[in-house]
Amino acid sequence: MEYDGLFDFWANVGPSNRIHPADAPVLARLDEGNQNWNQQHPAPEELDGLDLRCLPLPFIGPLRTAPVVFLTLLPGLEEDDVEEAATEAGQHRYHLMRQGNQPLPLNGEIGGAWKWWKARTARLGDPMMLRHHVAFLDIGAYHSKKAPDRQTLAALPSSRMAIDWAQQVLFPQAVKGERVVVCLRAARMWGLRRNRCQGSLFVPETPRSGHLGQGKIANAAVAAIKSRLGLTGF
């Protein structure tokens, strides 16, 4: 897969689009067999645990260039995410984020993302520095308040794109030491096993919340990240 494959895929989504066009037929079939959605039969607000009122968010942070990438499952859901989807400013922020160049969001940008990513990088240092060097890649691009149906998630072309890009582009980069990649959630869906590391690809044991805790692999990942970012000794 070409390096730009993931970003080219998401370039097909306009600022106000809430579903990737490649996912729409799959989701429509799962919606009680509807073959498509229209004014008489619009897309539901929620389907198999995925909230379709929000804008898709397959990754956050400067994924094109970030020397550190965390793998997660999918975006959570706050009421702000729903409200932001209806505003031009929110649509613009999401559209820019999907291009893969934007730093991790600040407080007040993209729902509760600031609080979420700051908690998961708490062991690493100053968040204002990290936001320019760290990215998060999700399997699922759709917000969810509860655990989604993973079979539905795995059936979506957007999810397969994320997994394929990680396996064919990101993981080889990590094995060669070009990036540090740490899996925080859904290791088996990513095609990984817990308590393993290969080069700079780390798969530590983590709680369901996806926080980077203690442990041999987690500590090695933290050390590798700090070394990569020039933070050794902090």
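## Packing of helix H4

In this predicted model, the buried residues of helix H4 pack against strand E3 (59–60) and helix H3 (79–85). Helix H4 itself covers residues 88–97, and its buried positions are Gly90, Gln91, Tyr94 and Met97. Seen down the axis of H4, these buried residues fall within an arc of 125 degrees, so they line one face of the helix. The spacing fits a general property of helices: an α-helix has 3.6 residues a turn, so residues three or four places apart point the same way.

## The nonpolar cores

The largest nonpolar core of the model holds 43 residues, and those with the most contacts inside it are Leu63, Leu71, Leu137, Leu170, Phe171, Trp190 and Leu192. Elements that give two or more residues to this core include helices H1 (5–10), H2 (24–30), H8 (157–175) and H9 (187–190), together with strands E4 (68–72), E5 (134–138), E6 (180–183) and E8 (201–203). Helix H8 gives the most to the core, with 9 residues.

Separate from this core is a second one of 30 residues, which includes Phe70, Val180, Phe202 and Leu229.

Leucine 71 shows how parts of the chain that lie apart in sequence come together: leaving out residues up to four places away in sequence, Leu71 touches Leu137, Leu170, Phe171, Val181, Val182, Cys183, Leu184, Arg185, Trp190 and Leu192.

## Glutamate 78

Glutamate 78 is placed in the loop between E4 and H3, and with a relative accessible area of 43% this residue is partly exposed. Along the chain, glutamate 78 and phenylalanine 171 are 93 residues apart, and their C-alpha atoms are separated by 31 Å. Phenylalanine 171, by contrast with the partly exposed glutamate 78, is among the residues with the most contacts inside the largest nonpolar core.

## The largest pocket

The largest pocket has a volume of about 730 Å³. Its lining is made up of 30 residues, of which Leu74, Pro75, Gly76, Leu77 and Trp116 are the closest to the centre of the pocket. The elements that give two or more residues to this lining are helix H5 (113–120) and strand E5, and H5 gives the most, with 4 residues. Strand E5 is also listed among the elements that give two or more residues to the largest nonpolar core.

Sorted by class, the lining of the largest pocket consists of 12 nonpolar, 8 polar and 10 charged residues.

Notes
Residues are numbered from 1 along each chain as its sequence is written. This is a predicted model: local features need pLDDT of at least 70, side-chain atom pairs count only at pLDDT 80 or more; totals for chains, interfaces and linings use all residues. Side-chain values use heavy atoms; hydrogens and water are left out. A nonpolar core is a set of buried Ala, Val, Leu, Ile, Met, Phe, Trp, Tyr and Cys residues joined through side-chain atoms within 4.5 Å. Buried means under 20% relative accessible area, exposed over 50%, partly exposed in between (1.4 Å probe, protein chains only). Contact means heavy atoms within 4.5 Å. The arc is that of the directions from the helix axis to the C-beta atoms. On a 1 Å grid over the protein atoms alone, a cavity is a set of points where a 1.4 Å probe fits but cannot get out, and a pocket is an open set with protein on both sides within 12 Å along at least five of seven lines; lining residues have an atom within 4 Å of a point. Grid points are joined across faces, edges and corners, and a volume is the space filled by probe spheres set on the points. Ala, Val, Leu, Ile, Met, Phe, Trp, Tyr, Cys and Pro count as nonpolar, Asp, Glu, Lys and Arg as charged, and the others, Gly among them, as polar.
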